[in-house]
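Work through the questions below with the sequence and model in view. Each answer ends on the value or name asked for.

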Amino acid sequence: MKIIGLGVILVVVVLGLVALIVWRILASIHDKREYARFVMDRHEEKWVENVSPLYKPATTVVSNPLFGTKFD
């Protein structure tokens, strides 16, 4: 009975390790493809590197008239 139990535990552990290894290989392949696509997109940028087309400067200026005044 102990041999069957140890065999079942060993099979579960081996299948788990194989599943983890397969998952890690597939994740690495996916990550390499994503990085290659990212590098290609970086080379095809159409704007200056330091200026994003999504950035809009602030248009509202708020001043506090009481700032810097001393109250005795």
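Q: What share of the 72 residues of the protein counts as buried?
A: The model is predicted. A residue counts as buried when its relative accessible area is under 20%. Of the 72 residues, the share that meets this is 1%.

Q: What part of the accessible surface of the protein belongs to carbon and sulfur atoms?
A: The accessible surface comes to about 7,800 Å². The part that belongs to carbon and sulfur atoms is 69%.

Q: How many helices and how many strands does the secondary structure hold?
A: Helix α1 covers residues 2-43. Strands number zero. The secondary structure therefore comes to one helix and zero strands.

Q: Which residues does UniProt place in the feature "transmembrane region", and how far apart are the end C-alpha atoms of that span?
A: The unreviewed UniProt entry places this feature at residues 6-27. In the model, the span is 100% helix and 0% strand. For residues 6-27, the end C-alpha atoms lie apart by 31 Å.

Q: Which residues form the aromatic pair, and why is the pair tilted?
A: The structure holds one aromatic pair. The ring centres of Y35 and F38 are 6.3 Å apart, and the planes meet at 35°. Planes under 30 degrees apart would count as stacked and over 60 as edge-to-face, so 35° falls in the remaining class. The pair, Y35 and F38, is tilted.

Q: How far apart in helix α1 are Y35 and F38?
A: Both residues of the pair belong to helix α1. Y35 and F38 are three residues apart, which means a separation of about one helical turn.

Q: Which class of accessibility does Y35 fall in, and which does F38?
A: The cut-off for exposed is over 50% relative accessible area. Y35 has 56% relative accessibility, so Y35 counts as exposed. F38 has 47%, so F38 counts as partly exposed.

Q: Which residue forms a salt bridge with E34?
A: A search of the whole structure finds one salt bridge. Its closest N and O atoms are 3.4 Å apart, and the cut-off is within 4 Å. E34 lies in helix α1, and its partner is three residues away, about one turn of the helix. That partner is R37.

Q: Are E34 and R37 buried or exposed, or in between?
A: Partly exposed lies between the cut-offs of under 20% and over 50%. E34 has a relative accessible area of 35%, so E34 is partly exposed. R37 has 48% relative accessibility, so R37 is also partly exposed.

How values were computed. Residues are numbered from 1 along each chain as its sequence is written. This is a predicted model: local features need pLDDT of at least 70, side-chain atom pairs count only at pLDDT 80 or more; totals for chains, interfaces and linings use all residues. Side-chain values use heavy atoms; hydrogens and water are left out. Helices (H or I, at least four residues) and strands (E, at least two) are DSSP runs, numbered from the N terminus. Buried means under 20% relative accessible area, exposed over 50%, partly exposed in between (1.4 Å probe, protein chains only). Accessible areas come from the Shrake-Rupley method with a 1.4 Å probe; for residues, only the protein chains shown count as cover. UniProt positions are given in the numbering used here, feature names are shortened, and annotations may be inferred rather than shown by experiment. Rings of Phe, Tyr and Trp (its six-membered ring) pair if their centres lie within 6.5 Å; planes under 30 degrees apart count as stacked, over 60 as edge-to-face and the rest as tilted. A salt bridge is a side-chain nitrogen of Lys or Arg within 4 Å of a carboxyl oxygen of Asp or Glu.
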